[in-house]
Structure formats: structure tokens, C-alpha cells
Amino acid sequence: MADTQSARTIAYTRAPFSTWLGIVCLFVLFGLIVLAVIGPSPRTSDYEEMRAKKRMEKLKASHEESQKELTTYAWVDKNKGVARIPIDRAMEVTVGDLAQKKPAPAGPIATPPAQTAPAGASPAPAASQQLGTAQPAQPSVPAGSPAGQGAASPPPAAQQSPPSPASPAPATTP
């Protein structure tokens, strides 16, 4: 039984202070070495400059390729007889073709049918109804009547649409 007590005391003994001091000194030494190596090195953005150069090279190559496609003749599909021509020549050919064609006459312009108001709706604007002002209804005078000879005739679209039901003007209170 004495052997088990001595084993326990050995297992639970604390490390001496000098061991802890040695470990802390090693961490400090490692930190100083890292600062000595990394600290004085200049902080340049070589990585970003390198990426920017690669992007510029890709952009330049892309512009050169597209410029080549726009300014040279080449086969797109030789079996089908499809070729690529320079853009300047394509514009000249297109303008020449359009100059030879006579423009087709335009057809009549169709006007949209006049929309009629719903049966219960008032033809007066909503703003005048909200303000409480009454607008007098203007009677429509046929073009052939003696009263309407001096007035201008309404447009054809207005003649074709059926008259909307007249609603009484809102009453005003003093």
C-alpha cells in the first residue's frame, strides 16, 4: 500500500517554476524571430499588381481577337457557304441593297376604338367632384342643325361612339 501512495505523489507533483519560465521564454523567442523575419519586409502588393497585369493581357488579347473578327474575311461554315466579311464592307453592302429597294406604301393607320364609360360612372373628372364644384353639362349639337353651323364639328371618333349617360351634377351646400 505504501507503493501506491508514492506513485500518487509523483503523479500529482507540480512542475517547478523554472519549467514554466522556460516555456514562456521559448514563446517570446519564437515571436521575436518571427518579427525579425517578417517585420522589416516591405508591404507591397505584388500579388494585386500581378493579377492586374494578367487581366490587362487577357483584355488586350480579347480586343485583338474581336478586332480580327471584325476586319477580316473568314469561313464560318464552308460546307453551307457561310462566310464572315469585314464590318465596313457589310455596311456598304447593306446600304447598297437598301438604296435599290423601293419603299412599300404604308397601310392605313388604325385608330383604337373609343372606350365608353361604365353605366354608373360620371363623365366629370374626379377632382371636381371632390372639391364640390359643379360643372354644367354641355349639350351636344348635331353638325347639321342650325345651332351647330358656326361651331366646329366633333372629331370622327367622337361621332362614332355612343353618348355616355349624363349624370346629375353634385349638389353644393352653402
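**Surface patch, helices and hairpin in a predicted model**

In this predicted model, a nonpolar surface patch of about 690 Å² is formed by Leu26, Leu29, Phe30, Ile33, Val34, Val37 and Ile38. One of these residues, Leu29, is placed in helix H2, which covers residues 17-38. Leu29 has a relative accessibility of 46% and is therefore classed as partly exposed, a value that also satisfies the requirement of over 30% relative accessible area for residues that make up a patch.

The patch belongs to a protein whose secondary structure consists of 6 helices and 2 strands. Read from the N terminus, the order of these elements is α-α-α-β-β-α-α-α. The accessible surface of the protein amounts to about 16200 Å², and carbon and sulfur atoms contribute 64% of that area. Of the 174 residues in the protein, 2% are buried, where burial requires a relative accessible area under 20%. Among the contacts in the protein with a separation of 6 or more, 32% are accounted for by residues that lie 24 or more positions apart.

The two strands form a hairpin, in which strand S1 (residues 74-77) and strand S2 (residues 82-84) run antiparallel and are joined by 3 bridges. Within this pairing, Ala74 has Arg84 in S2 as its bridge partner. The hairpin has 4 residues between the strands, and Gly81 adopts a positive phi near 80°.

Side chains of opposite charge can pair when their charged atoms come close, and the structure contains 2 salt bridges. In one of them, the side chains of Arg51 and Glu48 meet with an N to O distance of 3.5 Å. Both Arg51 and Glu48 belong to helix H3 (residues 46-71), where a spacing of 3 residues places them about one turn of the helix apart. Arg51 is partly exposed, because its relative accessible area is 38%, and Glu48, at 40% relative accessibility, likewise counts as partly exposed.

The side chains of Glu92 and Arg89 also meet in a salt bridge, with an N to O distance of 3.5 Å. Glu92 and Arg89 both lie in helix H4 (residues 87-100), and their separation of 3 residues corresponds to about one turn of the helix. Arg89 has a relative accessible area of 41%, so this residue is partly exposed.

Confidence in the prediction should be considered alongside these features. The mean pLDDT of the protein is 74, and 56% of its residues reach 70 or more. Over residues 144-153, the pLDDT is below 50, and this stretch has 6 contacts in the model beyond near neighbours in sequence.

Notes: Residues are numbered from 1 along each chain as its sequence is written. Side-chain values use heavy atoms; hydrogens and water are left out. Patches are made of residues with over 30% relative accessible area and no salt bridge: like charges are joined within 9 Å, nonpolar side chains (Val, Leu, Ile, Met, Phe, Trp, Tyr) within 5 Å. Accessible areas come from the Shrake-Rupley method with a 1.4 Å probe; for residues, only the protein chains shown count as cover. A salt bridge is a side-chain nitrogen of Lys or Arg within 4 Å of a carboxyl oxygen of Asp or Glu. Buried means under 20% relative accessible area, exposed over 50%, partly exposed in between (1.4 Å probe, protein chains only). Contact means heavy atoms within 4.5 Å. Two strands pair if DSSP finds at least two bridges between them. pLDDT is the predictor's confidence in each residue, from 0 to 100.
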